[in-house]
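Dear colleague,

I am passing on the structure we spoke of, and my notes on it follow below. Please read them with the coordinates open.

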Amino acid sequence: LPSNQPSLSNNPSLSPSSQYDRVFQIKTTFNEFDSSREWCLTAEFKEFESKLYVRPCKSYADIKDNLQLFASDEYGQLKLAGP
């Protein structure tokens, strides 16, 4: 079962340039996943109402293709980063 108290593995930036331009990955430390890999929250696709999954973290050549980078909008809602 997931922990009721998640741990913080990476410290967030102390001084972001603005409240809404921070881009981040959401990683899990849940021990039921293969511990030899990092696991990230991943959108199914870049469309409204896309489902979210936990998939192995990967790097993308272009942010517009990245399904694992997120940002917070002006309403505090989670959204995919990039155009």
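The mean pLDDT of the protein chain is 81, with 75% of its residues at 70 or more, and I should say at once that this is a predicted model. Among the strands, confidence is lowest in strand 5, residues 78-80, where the mean is 87, and highest in strand 3, where it is 95.

As to the fold, the protein chain has five strands and zero helices, so that the order of elements from the N terminus is simply β-β-β-β-β. Of the 83 residues in the protein chain, 17% are buried.

The aromatic residues may be a good place to begin. The structure holds two aromatic pairs. In one of them, phenylalanine 30 and phenylalanine 33 meet edge-to-face, with 5.8 Å from centre to centre and 75 degrees between the planes; that angle earns the label because planes over 60 degrees apart count as edge-to-face. Phe30 and Phe33 also belong, together with Trp39, to one aromatic cluster. Neither phenylalanine of that pair counts as buried, because the cut-off for burial is under 20% relative accessible area, whereas phenylalanine 30 is at 24% and phenylalanine 33 is at 27%. Tryptophan 39 has a further partner, since arginine 37 lies over the face of its ring, at 5.7 Å from the ring centre.

The structure holds one salt bridge. In this salt bridge the side chains of glutamate 38 and lysine 27 meet, at 3.3 Å from N to O. The pair links distant parts of the chain, with lysine 27 in strand 1 and glutamate 38 in the loop between strand 1 and strand 2, eleven residues apart. Glutamate 38 is partly exposed, with a relative accessible area of 48%, and lysine 27 is likewise partly exposed, with a value of 34%.

Next to lysine 27 in your numbering you will find threonine 28, which is placed in strand 1 and is partly exposed at a relative accessible area of 28%. The C-alpha atoms of threonine 28 and proline 56 are 10.0 Å apart in space, while the two residues are 28 residues apart in sequence.

Turning to the surface, Phe24, Ile26, Leu52 and Leu78 make a nonpolar patch of about 320 Å². Phenylalanine 24, one of these four residues, lies in the segment before strand 1, which spans 27-28. Why can phenylalanine 24 be counted in such a patch? Patches take residues with over 30% relative accessible area, and phenylalanine 24 is partly exposed with 33%.

Phenylalanine 24 also has a contact in space that the sequence would not suggest by itself: its C-alpha atom is separated by 5.3 Å from that of phenylalanine 70, although their positions lie 46 residues apart along the chain. To put that more exactly, phenylalanine 70 and phenylalanine 24 are 46 residues apart along the chain, and the 5.3 Å is a separation of C-alpha atoms. Phenylalanine 70 is placed in strand 4, residues 70-72, and is buried, with a relative accessible area of 2%, whereas phenylalanine 24 is partly exposed.

Two further residues can be described by their separation from lysine 79. Valine 23, which is in the segment before strand 1 and is partly exposed with a relative accessible area of 44%, has its C-alpha atom 9.8 Å from that of lysine 79, the two being 56 residues apart along the chain. Alanine 43, which lies in strand 2, is 36 residues from lysine 79 in sequence and 9.6 Å from it in space, again C-alpha to C-alpha. At 5% relative accessibility alanine 43 counts as buried.

A last point concerns the backbone. Glutamate 49 has a phi near 65 degrees, which is a positive value in a residue other than glycine. Glutamate 49 is found in the loop between strand 2 (39-43) and strand 3 (52-56), and is exposed, with a relative accessible area of 66%.

With kind regards

Conventions. Residues are numbered from 1 along each chain as its sequence is written. This is a predicted model: local features need pLDDT of at least 70, side-chain atom pairs count only at pLDDT 80 or more; totals for chains, interfaces and linings use all residues. Side-chain values use heavy atoms; hydrogens and water are left out. Rings of Phe, Tyr and Trp (its six-membered ring) pair if their centres lie within 6.5 Å; planes under 30 degrees apart count as stacked, over 60 as edge-to-face and the rest as tilted. Buried means under 20% relative accessible area, exposed over 50%, partly exposed in between (1.4 Å probe, protein chains only). A charge sits over a ring if NZ of Lys or CZ of Arg is within 6 Å of the ring centre and within 35 degrees of the ring normal. Patches are made of residues with over 30% relative accessible area and no salt bridge: like charges are joined within 9 Å, nonpolar side chains (Val, Leu, Ile, Met, Phe, Trp, Tyr) within 5 Å. Accessible areas come from the Shrake-Rupley method with a 1.4 Å probe; for residues, only the protein chains shown count as cover. Helices (H or I, at least four residues) and strands (E, at least two) are DSSP runs, numbered from the N terminus. pLDDT is the predictor's confidence in each residue, from 0 to 100.
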